[in-house]
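Subject: A structure for you, with notes on its salt bridges

Hello,

Here is the structure I promised to pass on. Please have a look at it before you read my notes underneath.

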Amino acid sequence: MFQLEKHDSAIANVNQRIERHGEERELAADIKFTTSAGNTLLDSIEKGLKEALFRKPGKGEQQDLPIGDTLLSAVKFPSLEPLKLAHEFLGYELQIDGLLEGVEPIVLVDVKLKRFVIEPKEGGSVGLSFTASANVTPDELAELSEALIREDVLLTLTPPKAAAQQTDLAA
């Protein structure tokens, strides 16, 4: 299951909008994040994605140090544009921590993750961007605006408990 734990990320954009639930109107926000990670993260998005995009370096090629527990560090298709994925993950908890001590974290619940874009990079890492959508209060929107100004954050994404339990049972 896709998750991050206090991962260095950047907030690229915050878009406020209104969601309609029948007659009710609720404030919502779309937060675009960008980050970089080892290609093993791809396994948590879709099994086989890492192997589809990366290979072992061949003889005579620059032998990169493995990142994490993978030896797949060469990009299979260097001319491939960044890939858009149709994946959506529901029910996440999102926590945004500042890089400085004393900044209270922003915590959002029932978050939808969508609009994933991945860019394989030589050496076994991937650039990743995605959008997190959630209902917010005006105070949370103000905090998100302050985080956007700071840009660099520590991002934690926790999958829904039911999904985490199913993953534990399958193991």
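Below is what I found about the salt bridges. Please keep in mind that this is a predicted model.

The structure holds five salt bridges, and I will take you through three of them.

Let's start with E19 and R17. Their side chains meet in a salt bridge, with 3.1 Å from N to O. How exposed are these two residues? E19 has a relative accessibility of 21%, so it counts as partly exposed. R17 is partly exposed as well, because its relative accessibility is 23%.

Next come K50 and D43, whose side chains form a salt bridge at 3.2 Å, N to O. Is K50 buried or exposed? K50 is buried: its relative accessible area is 8%, and the cut-off for buried is under 20%.

The pair I would look at next is E88 and K112, where the N to O distance of the salt bridge is 3.4 Å. Where do the two partners sit in the chain? E88 lies in the loop between β5 (83–85) and β6 (89–97), while K112 belongs to strand β7 (residues 106–121), so this salt bridge ties together parts that are 24 residues apart in sequence. E88 counts as partly exposed, with 46% relative accessibility, and K112 is also partly exposed, at 28%.

Finally, a word on shared partners: R17, E19 and D30 are joined into one network by salt bridges that have partners in common. If you go back to the R17 and E19 pair in the viewer, D30 is the other member of that network to find.

Happy exploring, and best wishes!

Terms used: Residues are numbered from 1 along each chain as its sequence is written. This is a predicted model: local features need pLDDT of at least 70, side-chain atom pairs count only at pLDDT 80 or more; totals for chains, interfaces and linings use all residues. Side-chain values use heavy atoms; hydrogens and water are left out. A salt bridge is a side-chain nitrogen of Lys or Arg within 4 Å of a carboxyl oxygen of Asp or Glu. Buried means under 20% relative accessible area, exposed over 50%, partly exposed in between (1.4 Å probe, protein chains only). Helices (H or I, at least four residues) and strands (E, at least two) are DSSP runs, numbered from the N terminus.
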